[in-house]
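Please open the model in your viewer and keep the selection panel at hand. The tour below goes from one selection to the next.

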Amino acid sequence: MTVTTVFIGFFAMLGMLLLGVPIAVAMALIGVIGGIMVFDWTFMDSIGAVVWSVHNEALLTAIPLFILLGELLLRSGIADKMFLSMAAWLGRLPGGLLHTNIGSCALFAATSGSSVATAATIGTVALPSLQERKYCMRQSLGSLAAGGTLGILIPPSVNMLIYGSLTNNSIGKLFMAGLIPGVMLSLLFMVYIAFASRGQGSVREEKLSLPEKLRLSRHLIPPAVVFGIVMGSIYSGLATATESAALGVMTALWFAWCSGKLSLTFLQECFVQTARITGMILLIITAAFVLNLTISLTGVVDELTAWVTSFGLSVTGLLLILILFYLALGMFMDVLSMQVLTIPITYPIVTALGVDPIWYGVFVVLMCELALITPPVGMNLFVVQSVRKDGGNISDVMWGVVPFILIMMLFTFSLMMFPEIALWLPNLM
């Protein structure tokens, strides 16, 4: 199979996606057709074993557990109270509740692992207060959309789990690698908000007494405890990613019971939504592995690697090309589609050039974060717009995220110059 054939197959998949064909169907079709073209119908005999091995992988059990963890925290009302607590401490900074948007998104991302859930939850809680206080709508919507992207970088992250399962890398190290970049990106967002707000006339919330702040801080305990248990058990080596997810679910159930929200109806809503999201993700992963089977058996990766290295590109040059590649894809595809389509092809190429696989996991997730807020089809743009009640145009969201896109691009370049930002913590494990 030639490099030209690979590009034809890739653009055929993109064409099917633009026509509305589900991503799992598109990948499976290309994988099956490519395999049959090379190996005849005997290729079909291999698919059953691949599908069985994918669904028999214990690591993938962590995906529904982390999704369930986010659902429990979302539906138990913990996020609403968390926003009030963050507002008490961050509201006096220049920019007021805009800092609370970023802080709440970062904290909720550290327990839910889902960008869409983070943006929708914090947006639903924050927007009424922001509109009532006459905050700049572009800045408000932009901070919510950008803050939501932290959900797939700050651990635990479902997207990191998918990267680890596709590349067979340590989930614990991937989680740790995303922690410092996630915190730094949150701080950079807040620095920009403070700087931009000072130029427009500082917006600050009412000053609260220290006892009142401490009283409200009790609502930060549940997400902090869940995060501490999940990440602490992984970092210390006491639990695998799947076991830590189970511990997090049990902790979230206890907090839901303490809040008085635990009931059969509550559990049914959480379980049904978890099953829906998990089914979608696992179907896409299964199709990705069928495509990977074709790629591995035909030796496509070796040919692509030789073709790329023939250009004499440096590692930096290749990464810059990948940034442009992901930015273009992000305008038309969702995060999961980008991951399962590109990682099996790009991962062997970049690792062959000496790129650290854990670092590349952070890089790919950062590119997927950009995809979430890149017009015209950034998922978080539509999520934030959907929870907006004033009937404004989506162009407000698109213009509002532009400064945050630039910040994320600059941070990506910093990560390329100083890879230890991502690798220092996992190397200590």
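In which helix is the place of Ile-321? Select Ile-321 and you will find it in helix H16, residues 315-330, where helices are DSSP runs of H or I with at least four residues, numbered from the N terminus. This is a predicted model, in which local features need pLDDT of at least 70, side-chain atom pairs count only at pLDDT 80 or more, and totals for chains, interfaces and linings use all residues. Residues are numbered from 1 along each chain as its sequence is written, and side-chain values use heavy atoms, without hydrogens and water.

Ile-321 counts as partly exposed because its relative accessibility is 44% (buried is under 20% relative accessible area, exposed over 50%, partly exposed in between, with a 1.4 Å probe and protein chains only).

Next, add Phe-7, Phe-11, Trp-307, Phe-311 and Leu-313 to the selection: together with Ile-321 they form a nonpolar patch on the surface, with about 590 Å² of accessible area (Shrake-Rupley method, 1.4 Å probe, only the protein chains shown counting as cover). Such a patch is made of residues with over 30% relative accessible area and no salt bridge, nonpolar side chains (Val, Leu, Ile, Met, Phe, Trp, Tyr) being joined within 5 Å and like charges within 9 Å; a salt bridge is a side-chain nitrogen of Lys or Arg within 4 Å of a carboxyl oxygen of Asp or Glu.

Finally, move to Asp-396 in helix H20, residues 395-400, which counts as buried because its relative accessibility is 17%. Leaving aside neighbours within four places in sequence, Asp-396 is in contact (heavy atoms within 4.5 Å) with Arg-138, Leu-141 and Arg-388.

Notes. Helices (H or I, at least four residues) and strands (E, at least two) are DSSP runs, numbered from the N terminus.
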